[in-house]
Amino acid sequence: MNTQQKIEALRDELRQHNYNYYILDNPTISDYEFDIKLKELQALEDANPEFFDANSPTQRVGGTITKNFKTVVHDFRMYSLDNSYSKEDLEDWEKRIKKMVDGDVHYTCELKYDGASMNLTYENGKLIRAVTRGDGVQGDEVTANVKTINTVPLRLKGDFPERFDIRGEIILPIEGFLKMNEERIANDEEPYRNPRNTASGSLKLQNSSEVAKRPLECLLYSIKGNNLNISTQFEGLEKAREWGFKVPKEAKLVNSIKEVLDYVAYWDEHRHNLPYEIDGVVIKVNSLYQQDELGFTAKAPRWAMAYKFKAEQVSTRLNEITYQVGRTGAITPVANLEPVQLAGTIVKRASLHNADQIEKLDIRVRDEVFVEKGGEIIPKIISVDLSKRPEDSVITQYISHCPECGTELIRPEGESKHYCPNYNGCPPQVVGRIQHYISRKAMDIEGLGGETVALLVKEGLISNYADLYELTKEQVIPLERMAEKSAENLVNGIEASKQIPFERVLFALGIRYVGETVAKKLAKHYKSIGALSSASALDLVAVDEIGERIAESVVEFFSLEENKIIVERLKTFGVQLEISADKLLNQTEKLKGQTFVVSGVFETISRNELKKRIEDNGGKVSSSISSKTSYLVAGDKMGPSKREKAEKNNVPIISEQDFLLMV
Ligand code: AMP
Ligand code: ZN
């Protein structure tokens, strides 16, 4: 096998594994084996750029930056759907249909996936573009982002038409959505509101590798094209499945409106067992011939109808408003409700967001309130049933002091939340910070869990994360449910955390607004906690992508005497508070302020290694040439257009050797 054949074989194999995993839900190799093969392919492609393929499985990881999405006119207009809400609506619809077409009418019932609509165009079995619905006539081209979605096939299988469009919904399954939110909360970021908005927002991210990190899926429901050789909607769905698309199996072919209603009733009740959200059912006349006869109104096809489920709402009594204190001291008011069945779960609590929200709705204890579970996962109170308000009810007074420690709350200007400023004495803040410190993405301390942390604090054994390093086995053993072995694991786990690299320690410190990414940036720029802690807000904002809010928070953190002491102690215990020596060894600021574009194949160094050298020496790597580019590093087989563009913009072209001399 020559190299090209080898590359093709690997691509085919990986495509099949992708299909088994994402479409059939039936993987035949481990994730680890898959990664090894993918890396092998990546290495071969890197070494042989002449065999580049935009639809290779390696392209799923993204990396393309799109500043402005191109507007594209759809080949087939993307219509909206008419809505129905009752049995009568559907029966009227059938009457209208029967007036216009002859013969029996059958219907395909599908779920109405709640996400963002997407039109995919395939030519010769390859995905050539992906366009959002936009206004129905034209939308935005988001191909680079859509390519990262694993359920979108980049190459088709079987006997597909030469060119066609296929439509689907980009959705974010609930589990993935909740996981993303967990991470956001851990990073001290505002959680996303609902899966639908998060899915559609994802399509417009400029960096496709960010999109690749999101567990999006694409569920298909309609094929458009000329000479497709398909005669019914249901057959279209089956064909799409054969070509490798994800088409939910819940779609059903039925023979009457009565059966449609059964389908609707079934899914209204069972929709909460699905892994994703739906907001109704879509019913389509099955025969494409009949569809043609029926045609379109100005807005929607006459042959399709959405049946919208009612957003589920119940009324229940508000028993009490309590206030939660997060690890950053932020206060969240919570409505404690008389338990009630809603959308497949029993609801006992609802978020009240903040003081303004309570005031706006004039929510009072003992009110009968309407609770809705719409697109949002956490139920919310939408209104108060004023007719049922007790005569002696009193306006809700938002708390002025922390419910946990009694300190007077503050509300920083421009923020919607109140905070407890008792940084070191407020128990949920103290415990929360230590829990964050030991969490998986931070110090990842094995053998120590969140509950044990709470217990250790309660027992007075620790009151900040530096105290962890002085814990002994003997102190821990007497704790509830602590066997000798677990105590030993705990102490060993803490010891092992001394090897965790600086950037993660920085994240673990729990400085407000310093999430994982920001921590990496700061670690790389300042290289040690000493340098970072003496930086002023002005210095900080000069660092790429560090804004004022972050800068102020960092300065504040290091201005607190308690924090200085804790950091000093971490240092004496041997926690990594600077970038390790071997990482530092090759790092300089020689290329500071300079932007490089790298193109072609190199002799003594791989392209990735070259990029790393640029970054290690303080330079920036960009993917396209502009007047801001400082140098184009040209290797073998560089395209003529790059050269032209460099010459046009007066960008000096340098060789691999020139570059290596520079550093
Ligand atoms: P609406 O936005 O309420 O007018 O509803 C039309 C939208 O429903 C379409 O643009 C699709 O994005 C979406 N949709 C979700 N599931 C389906 C489905 N099974 N068939 C057709 N459209 C669907
Ligand atoms: Zn407090």
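A cavity is a set of points where a 1.4 Å probe fits but cannot get out. In this predicted model, two cavities of 30 Å³ or more are found.

The largest cavity holds about 60 Å³ of space. Its lining is made up of Tyr423, Asn424, Val430, Arg433, Ile434, Ser463, Asn464, Tyr465, Asn563 and Ile566. Two or more of these residues come from each of α12 (427–438) and α21, and α12 is the main contributor, with three. By class, the lining has five nonpolar residues, four polar ones and one charged.

The second largest cavity encloses about 30 Å³. Around this space sit Ser351, Leu352, His353, Gln357, Leu361, Lys380 and Ile381, with α11 (355–361) and β16 (380–384) each giving two or more residues to the lining. Three of the lining residues are nonpolar, three are polar and one is charged.

Helix α21, met above in the lining of the largest cavity, is also a packing partner of helix α20. Helix α20 runs over residues 548–559, and its 12 residues should span 16 Å at 1.5 Å a residue; the end C-alpha atoms are indeed 16 Å apart, so the two values agree. Its buried residues are Ile550, Ala551, Ser553, Val554, Phe557 and Phe558. Viewed down the helix axis, these residues fall within an arc of 165 degrees and therefore line one face of α20. They pack against α17 (516–526), α18 (529–533), α19 (537–541) and α21 (561–573). On the face turned away from this buried side, α20 carries the exposed residues Glu548, Arg549 and Glu556.

Notes:
Residues numbered from 1 in each chain as written. Chains lettered and ligands numbered in written order. Predicted model: local features only at pLDDT ≥ 70, side-chain atom pairs only at ≥ 80, totals over all residues. Heavy atoms only, no water. Helix = DSSP H or I, 4+ residues; strand = E, 2+ residues; numbered from the N terminus. Expected span 1.5 Å × (residues − 1). Buried < 20%, exposed > 50% of the residue type's maximum accessible area, 1.4 Å probe, protein only. Arc of directions from axis to C-beta. Contact = heavy atoms within 4.5 Å. 1 Å grid on protein atoms, 1.4 Å probe; cavity = no way out; pocket = protein on both sides within 12 Å on 5 of 7 lines; lining within 4 Å. Points joined across faces, edges and corners; volume = space filled by probe spheres on them. Nonpolar A, V, L, I, M, F, W, Y, C, P; charged D, E, K, R; others polar.
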